[in-house]
Structures are given as C-alpha cells and as structure tokens.
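Got a fold to pick apart, from the outside surface down to single side chains? Have a look, then we'll trade questions and answers.

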Amino acid sequence: MSRSGRRSVVRTAVGLWLMLAGAWMGAGVSTAQPFPVPPPSAAPDAIFPVADPDPFYIQPVDIADHAPGEVLKIRQLPPSYYFPGSAVWELLFRTTDSQGRPIAANTTYVLPPNHVPDGPLVSYQHIINSLGNKCKIVTELYTTDPLHQIREAAGLNIALARGWAVALPDHLGPRMAYGAAKLGGQITLDGIRAVQRVPELQVTNSKVGLGGYSGGGMATAWAAALAPSYAPELDIVGAAAGGTPMNLVKMAEALGANPHPAFGLAMAAALGLEREYPDRIDVTGQLNDQGHLMKQMIGNGCTNEIMLFGLGRSASQMTDNKNFMDDPEAWKVMEENSLELYPGVPTTPIFEWHSPTDALIPVDSIDTTVRRYCDAGTPVQTLLTPTPDHLSAAALGLPQGLDWMDARFRGDPAPSTC
C-alpha cells in the first residue's frame, strides 16, 4: 500500500472511532428515562444466552479428550465486504474456562492475499462488550444491521494491507461471559494455538502480535500476562493494549449505587460474571422487578442495546437489597479478574496507551501495573493521548500501535518509557 493510501485508511479509522466515541459519550446523561417496552425476545422465561442456532458451535461431547488449542471444527466462510480480497475462516477449538474446565470457543481468521507463509499473525481482541451470541465477531462480519457492525474494521484493514494475517477470537466464550477477563486471555491464547495448527492457514511458524482496546484491551493484556505460564511455546513478539480496565474492584467501588451513563455495561459485566461463576455470584437472585426487566432486555443484547437500556440507571434501582455490595465472594471474583492484582508479568514487550483523564477506567491501576512490569524488566512504551475521554483515545493510539507492532515483527529492539 502506498504512503498516501495508508494515510487515507488511518484517517478513515480515526474518523470512525471519533464518530463512535461522540455517539456514546454524548449520551452521558445522568437522569434515567422510563424503560421502553421490552422487545418480544425479552420474555420472562428467556434463556441466557440464547444458543447460537448454527450447529457449528455445538461443543463435542468428548471435549475433555482434546488439548487446549486443538482444532475441533474448521470451515471457510464467504468473502466479507469488510476485508476486500481476503479469505475468511472460522475455527472451533478447545480452551479452558475460569474454573479450569474444558470448553469450546471460536475464532475468525482473515488471510490477506499478500500474506507470505509464516508471515506475521495478529490476534486482535475486538470490543465485544455484549451478552448475546448474535454479537459474535463472525456474525457481525456478515450483518447488514448498522447497529451490529465491526467498529474496528478500518484499523484491521491497515494490518491486512501490510500482509499480516488476523485472528479475531470471540473472547467472551460460549456463555458470552462479559467481564470474565482472565477467560478472555485464555481464549485468545488458545485461538492462536488453533490457527497455527492448520497448515493451510500459513501461520504455523509465524511471529505473533496481540492487540485490542478497552474490553478487547483487557483480553489482550490478560493474554500477555498469562502467556508465560499458559502458552509459553507461542512466539509472541509484542502486545498493544489501550484503554485497559485493569481493576474491576475499583471500577465497582467507583460506580457504587450511583446513576451512570454507562451503567448498562456495568450490569452486563455483573451478569456475565454470574454466568461464568454461577456457584460464586448471584446477581439474578437479588433483582427486583425493574432489575429482572433490565436483565430481560440486555441479557441477549449487544453493546448498543446494553448502553441504551442502561443509560443513566443505577444498581440501587435494580435491587431492593440495600447491602447488595456486601458479598465477599463476588469481590473475590472481581479480584481474580483484575490484572492489577495478578502477580504474573508479561515477558513480551508492551505498547500501552490511554487518556490520562479517562473517567471510565481507573487510570491509577494502569500506572501501577505498568510500573510493576517495568520493575520486572518488561519493556513498556506508554502513550498518553491528548484527549479527555475513553473512546476517542482508541483512534489516537491506533496508528502508533500499528507502527510499534511492525517494528516488533521486524525484530527491532523494543523501546521503553519505563
């Protein structure tokens, strides 16, 4: 791709990100509106999550007989208009849930026409932030619904134009367990193992880069931290993670019982953690009528629905239990999914970016985690974006993150701002 072409793609990516950021953050009112009438799918006996109707995703009964990262099923998909000229595959593979049990997860694999065998492979963890199977990456790649389209496609096309193969794992797993951050890291690593085990995908011996922002940054950062113990054989040359929520405990404490424009995401995370830890967390049992209605409305929803229905609401409206936050086991689960509290340290270089005035995530947790990585000898390059909010920072860090990753694939020494 020419230099002018790359600039055009970058401008497109930045424009899309800023448009998204403005739409989300511009909705930041603190007064809740009356609940709209729930859609027909929000019946009182709704199943959460509703199973994907595609039999491809059915977990085999002998899942425990397979090793982590082993490919269970693979199929080539039709061309996607998001990625012109690239071939697309879907893989179902064996991974591990938060309790160490075998489960099946999926990843979408995109191979550009200019990729060379064993050329760079990027696992990009998309901002899924959802609770419904209709929100899977592969589903959104082929939908015509403007509310459920891939928001990061422009940036991914920059990677594909460089000849990099791209894996897009559905890092929330088969339960769509939004909030289960450690799970996302494990799925990411096993998804890389899976695509590297299929010779036709041409990445068997590829160097690997990790990337993601916000919820995707959380899965990315966890994958980097878990890799030395969970998947030490992977040749991960760098991880670029931006706007990463490093501490769920602090986020829950900051939210408390107060109304918030992004409350929908907070409740979605609580419901996602309940799915992943049903023996340790009970959200549903504490809900009042309004809380149950909210669950019906977002329990199979994607990001935009979750944000809309939760706009300006609060946890205190969802339950009559005034002591709903006094649950030691729930706090332990959040601690276990908080990277700031995880003692492991990545052995691969890190590129980290965020807004220093980000109001959605605890910035001090990023600083503490980065400092710990630096003290352990991990090269970390931090970029503080000149923007006041969470989502617009994504666009401003993306071009530098891609250039940083390109240098890691070339084998250049990793810079550090430690």
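Q: What share of the area that the protein exposes do carbon and sulfur atoms supply?
A: Keep in mind that this is a predicted model, so the surface is a computed one. The protein exposes about 16,600 Å². The part of it supplied by carbon and sulfur atoms is 59%.

Q: How much of the protein counts as buried?
A: The chain has 418 residues, and they build 13 helices and nine strands. A residue goes in the buried class when its relative accessible area is under 20%. By that cut-off the buried share is 56%.

Q: Among contacts between residues at least 6 apart in sequence, what fraction joins residues at least 24 apart?
A: L201 and Y109 give a feel for such pairs: they sit 92 residues apart along the chain, with C-alpha atoms separated by 8.4 Å, and they touch. Over the protein, the fraction joining residues at least 24 apart is 80%.

Q: Which helix gives the most to the largest nonpolar core?
A: In soluble globular proteins, nonpolar side chains tend to be buried together. Here the largest nonpolar core has 112 residues, and F83, Y109, L121, L189 and I298 have the most contacts inside it. The top contributor, with nine residues, is helix 5.

Q: How many residues does the second, separate core have?
A: Y57, V88, L92 and A104 are among its members. The count for this second core is eight.

Q: Which residues does I298 contact, leaving aside neighbours within four places in sequence?
A: I298 is one of the residues with the most contacts inside the largest core. With the sequence neighbours set aside, its partners are L131, G264, M267, A268, L271, I306 and F309.

Q: Is L201 buried or exposed?
A: L201 is found in the loop between helix 4 and strand 6. Around it, the residues it touches include I74, W89, L91, L111 and V195. Its relative accessibility is 0%, so L201 counts as buried.

Q: Which backbone atom lies 2.5 Å from a polar atom of the side chain of S130?
A: S130 lies in the loop between strand 4 and helix 2 and is buried, at a relative accessible area of 1%. Its side chain has a polar atom 3.3 Å from the backbone nitrogen of T303, and S130 also touches C135, L172 and M176, among others. The atom at 2.5 Å is the backbone oxygen of I128.

Q: How far apart in sequence are the parts tied together by R280 and E336?
A: The side chains of R280 and E336 meet in a salt bridge at 2.8 Å, N to O. R280 lies in the loop between helix 7 and helix 8, while E336 is in helix 11, so the pair ties together parts separated in sequence by 56 residues.

Q: What exposure class does R280 fall into?
A: The class limits are under 20% for buried and over 50% for exposed. E336, its salt-bridge partner, has a relative accessible area of 37% and is partly exposed. R280 comes in at 24%, so its class is partly exposed.

Q: Which residues are linked with R162 and D403 in a network of salt bridges?
A: D406 and R410 both lie in helix 13, four residues apart, about one turn of the helix. An α-helix has 3.6 residues a turn, so residues three or four places apart point the same way. The D406 and R410 side chains meet at 3.0 Å, and those of D412 and R410 meet at 2.7 Å. The residues linked with R162 and D403 are D406, R410 and D412.

Q: Is R410 buried or exposed?
A: Two of its network companions are partly exposed: D406 has a relative accessible area of 23%, and D412 has 32%. R410 has 52%, and the cut-off for the top class is over 50%, so R410 is exposed.

Q: How far apart are the end C-alpha atoms of helix 12?
A: Helix 12 has 13 residues, and at 1.5 Å a residue they should span 18 Å. The model agrees with that expectation, since the end C-alpha atoms are separated by 19 Å.

Q: Which elements do the buried residues of helix 12 pack against?
A: Those buried residues are V363, S365, I366, T369, V370, Y373 and C374. Just after the helix, G377 takes a positive phi of about 95°. The packing partners are helix 5, helix 6, strand 8 and strand 9.

Technical notes. Residues are numbered from 1 along each chain as its sequence is written. This is a predicted model: local features need pLDDT of at least 70, side-chain atom pairs count only at pLDDT 80 or more; totals for chains, interfaces and linings use all residues. Side-chain values use heavy atoms; hydrogens and water are left out. Helices (H or I, at least four residues) and strands (E, at least two) are DSSP runs, numbered from the N terminus. The expected span of a helix is 1.5 Å times one less than its number of residues. Buried means under 20% relative accessible area, exposed over 50%, partly exposed in between (1.4 Å probe, protein chains only). Contact means heavy atoms within 4.5 Å. A salt bridge is a side-chain nitrogen of Lys or Arg within 4 Å of a carboxyl oxygen of Asp or Glu. A polar contact is a pair of N or O atoms within 3.5 Å; within protein, one must be able to donate a hydrogen and the other to accept it, and residues adjacent in sequence count only if both atoms are side-chain atoms. A nonpolar core is a set of buried Ala, Val, Leu, Ile, Met, Phe, Trp, Tyr and Cys residues joined through side-chain atoms within 4.5 Å. Accessible areas come from the Shrake-Rupley method with a 1.4 Å probe; for residues, only the protein chains shown count as cover.
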